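Biologist: Could you take me on a close look at a single part of this model? Which residues line the second largest pocket? After that, please carry on into whatever else helps me place that part.

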Amino acid sequence: MHNKIIRLLTILFFTTLGVFIIDQNIKSLFVEGWRYYGECIDLILVYNKGVAFSMFAFLDGALKYIQLVLILCVFGYIIYLKQLCYAFPAGLLLGGAFSNIYDRFVHGGVVDMVYWHCGFDFAVFNFADVMIDVAVVWILVLNFKPKFCKNRV
């Protein structure tokens, strides 16, 4: 049983670290001045002071601490579940979340760069946001289809 918990934590740690490193490297390109303008997608630099669609921007500096507490609760819940099938999607979620929270501490807001404007304007987002969305869908599928999650730690 001890080896399975180590396996869960290892998958969680390396997935989190991988998403964090990839996202921060992509963001550094834009912070350093790289841009691209296309017909449907612009790759630009935007600092988001809120969460999705700039909601809760009025919370300003407190938002990063609120998010940090929420993410630590997610981490604790995944450990509590002791199901190996949650390790990878939770790592995607934690990596993206920690990367965005890190931006709040370093840049004062989340570094966003992908702006879709083909047919309609969409929110500006980043790689971490995509990983968080993928993770949420994956975790929801695991919750509603328990047969996909057979490995208990």
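Modeller: Happy to. A word on terms first: a helix here is a DSSP run of H or I with at least four residues, a strand is a run of E with at least two, and both are numbered from the N terminus. Please also keep in mind that this is a predicted model.

Now to your pocket. The second largest pocket holds about 190 Å³ of space. Its lining consists of L9, L12, F13, T16, L17, F20, L72, F75, L94 and F98. Three helices each bring at least two residues to that lining: α1, which covers 2-31, α2, which covers 62-81, and α3, which covers 87-107. The biggest share comes from α1, with 6 residues. Sorted by class, the lining has 9 nonpolar residues and 1 polar one, while charged residues are absent. Since Leu and Phe count as nonpolar and Thr falls among the polar residues, you can pick out T16 in the lining as the polar member.

To place the pocket, step back to the whole chain. The protein chain has 4 helices and 3 strands, and along the sequence they follow the pattern α-β-β-α-α-β-α. The C-alpha trace spans about 50 × 35 × 25 Å along its principal axes. Of the 153 residues in the protein chain, 36% are buried. The accessible surface comes to about 9100 Å², and carbon and sulfur atoms account for 70% of that area. If you take the contacts between residues at least 6 apart in sequence, 75% of them join residues at least 24 apart.

Two of the helices that line the pocket lead to residues worth a visit. Start with K82, which sits in the loop between α2 and α3. Its phi is near 55°, a positive value in a residue other than glycine. K82 has 35% relative accessibility, and because that lies between the 20% limit for buried and the 50% limit for exposed, K82 counts as partly exposed. Further along, R104 belongs to helix α3. With a relative accessible area of 7%, R104 is buried, as the cut-off for that class is under 20%. R104 and V19 are 85 residues apart in sequence, and their C-alpha atoms are 17 Å apart in space.

Let us turn to the strands. The 3 strands form an open sheet in the order β1-β2-β3, with antiparallel pairing. β1 and β3 are at the edges and have a single partner strand each, so one side of each has no neighbour in the sheet. Strands of a sheet pair through backbone hydrogen bonds, in either the parallel or the antiparallel sense. Strand β1, residues 36-37, pairs with strand β2, residues 41-48, over 2 bridges, and these two strands form a hairpin with 3 residues between them. On the other side of the pairing scheme, 6 bridges join β2 to strand β3, residues 110-116. One of the pairs there sets V46 opposite D112 in β3. As for cover, 5 of the 7 residues of β3 are buried, which leaves that strand mostly covered.

A good residue for tying the sheet together is L43, found in strand β2. L43 is the bridge partner of Y36, and in β3 its own bridge partner is V114. Apart from neighbours within four places in sequence, L43 is in contact with F30, W34, R35, Y36, M113 and V114. Two of these contacts, Y36 and V114, are thus the bridge partners you have just met. The link to F30 also brings us back to where we began: L43 and F30 are 13 residues apart in sequence and 8.2 Å apart from C-alpha to C-alpha, and the range of α1, 2-31, takes in F30. That is the helix with 6 residues in the lining of your pocket.

Definitions and conventions
Residues numbered from 1 in each chain as written. Predicted model: local features only at pLDDT ≥ 70, side-chain atom pairs only at ≥ 80, totals over all residues. Heavy atoms only, no water. 1 Å grid on protein atoms, 1.4 Å probe; cavity = no way out; pocket = protein on both sides within 12 Å on 5 of 7 lines; lining within 4 Å. Points joined across faces, edges and corners; volume = space filled by probe spheres on them. Pairing = 2+ DSSP bridges. Buried < 20%, exposed > 50% of the residue type's maximum accessible area, 1.4 Å probe, protein only. Contact = heavy atoms within 4.5 Å. Areas by Shrake-Rupley, 256 points an atom, 1.4 Å probe, with all protein chains shown as cover.
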